[in-house]
Amino acid sequence: MKRPILSAFISGVRGMLSAQLFISVIAIALAAWTLTVTNGLIRERDRLRERVIQLETSMAERGVVAPPAPAVVDAPVAGETLYPGSIGELAAIGAASAEVPVDTRAEAPGRPPSGSRLNIGQVLGDLFAPPPPMRLVVLHVRDGADIAAAQQVGAQLREAANVAVAVDVMTPRDPRQSGYIYFDGRQNSATAELVAEFHDIARRASIAPWSAQLRGVALPAEGEYAADRLDIVLPPLPPPPPPDLPPAAVPPVSAAAPG
């Protein structure tokens with residue numbers, strides 16, 4: 001009596017283990033297929049984004065203003081946040097921007113100061129805390145002749161996005177490429193909205209080189225480069241066309257004296 005019961009128990013365990021093994025193999029295969037499809041979609045998206053940037057850059061070099069982006073149909077609800085509970089309440093605090101002074105004499109962004117140490121507690125706190133509201137946008141131009149255009153676009157950006165805007169003239173040998181830099185990975189969405197608003201303003205102002213898409217990069221927040229700051233390095237503007245010269249005055253032709 002005992003042996004048949006033990007054999008049935010062992011057979012049942014074997015069947016259950018076989019079923020679990022079969023389900024595990026299917027789950028692993030499904031996860032691998034999903035990962036392969038996702039990687040393919042990400043690569044395709046990156047290729048399309050690079051192609052769009054190349055096309056808009058080529059249009060900007062020819063002085064053609066890129067067409068405006070299509071209107072967003074599903075607009076976010078006012079006051080709605082992506083963070084639940086008390087975190088969402090903290091994210092809603094301090095929505096009003098404040099003027100933040102900028103010192104453009106600091107070192108290149110992302111360079112840690114001497115003697116800095118990694119604070120694990122701060123890293124974990126930043127990981128689960130909401131990002132601070134974006135307060136400062138610095139527009140870096142390559143020539144003093146571009147300051148007026150940058151101030152014009154910056155004034156409209158200040159009114160549209162409720163941020164402080166400063167204009168900085170880069171040194172002649174500054175190695176930074178055209179693009180935008182933010183200093184907290186959580187600010188990806190906020191910086192994309194600000195840069196899109198900047199492009200829209202440049203399109204309305206018919207500034208072709210500044211209406212083309214810019215590449216973005218995230219760097220660690222160090223020193224004055226805080227998590228609530230966005231730096232936009234702008235390409236140079238073409239020189240203005242020479243003024244039209246008035247036509248040369250033609251001396252009147254005197255009537256010939258009769259012979």
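Which residues of α4 are buried? In this predicted model, the buried residues of that helix are A149, A150, V153, G154 and L157, and because they cover an arc of only 125 degrees around the axis, they lie on the same side of α4. The points below follow this helix to the sheet on which it packs, and then to the largest nonpolar core, to which α4 gives two or more residues.

**Helix α4**

- Helix α4 comprises the 15 residues 147–161, which at 1.5 Å a residue should span 21 Å, and the separation of 20 Å between its end C-alpha atoms agrees with that expectation.
- On the other side of the helix from the buried residues, A148 and E159 are exposed.
- The cover over the buried residues of α4 includes two strands, β1 (136–141) and β2 (164–169), together with the helices α5 (188–204) and α6 (208–211).
- The residue that follows α4 is N162, and its phi is positive, near 60 degrees.

**The sheet**

- Five strands, in the order β2-β1-β5-β3-β4, form an open sheet in which the pairing is mixed.
- Because β2 and β4 (216–218) stand at the edges and have a single partner strand each, one side of each is left without a neighbour in the sheet.
- From one strand to the next, the twist averages 20 degrees.
- Strands of a sheet pair through backbone hydrogen bonds, in either a parallel or an antiparallel manner.
- Strand β1 runs parallel to β5 (residues 229–233), to which it is joined by 5 bridges, and within this pair V138 stands opposite D231 in β5.
- Helix α4 packs on the sheet, where it touches β1 and β2, and its direction makes about 165 degrees with that of β2.

**The largest nonpolar core**

- In soluble globular proteins, nonpolar side chains tend to be buried together.
- Here the largest nonpolar core has 23 residues, of which V137, L139, F198, W210, L230, I232 and L234 touch the most other members.
- Two or more residues of this core come from each of β1, α4, β3 (179–182), α5 and β5, and α5 gives the most, with 5 residues.
- I232, one of the residues that touch the most other core members, is in contact with V137, V138, L139, H140, G179, Y180, F198 and L214, when its neighbours within four places in sequence are left aside.

Notes. Residues are numbered from 1 along each chain as its sequence is written. This is a predicted model: local features need pLDDT of at least 70, side-chain atom pairs count only at pLDDT 80 or more; totals for chains, interfaces and linings use all residues. Side-chain values use heavy atoms; hydrogens and water are left out. Helices (H or I, at least four residues) and strands (E, at least two) are DSSP runs, numbered from the N terminus. The expected span of a helix is 1.5 Å times one less than its number of residues. Buried means under 20% relative accessible area, exposed over 50%, partly exposed in between (1.4 Å probe, protein chains only). The arc is that of the directions from the helix axis to the C-beta atoms. Contact means heavy atoms within 4.5 Å. Two strands pair if DSSP finds at least two bridges between them. Axes are lines fitted to C-alpha atoms, for helices over the stretch in contact, and angles run from 0 to 180 degrees between N-to-C directions. A nonpolar core is a set of buried Ala, Val, Leu, Ile, Met, Phe, Trp, Tyr and Cys residues joined through side-chain atoms within 4.5 Å.
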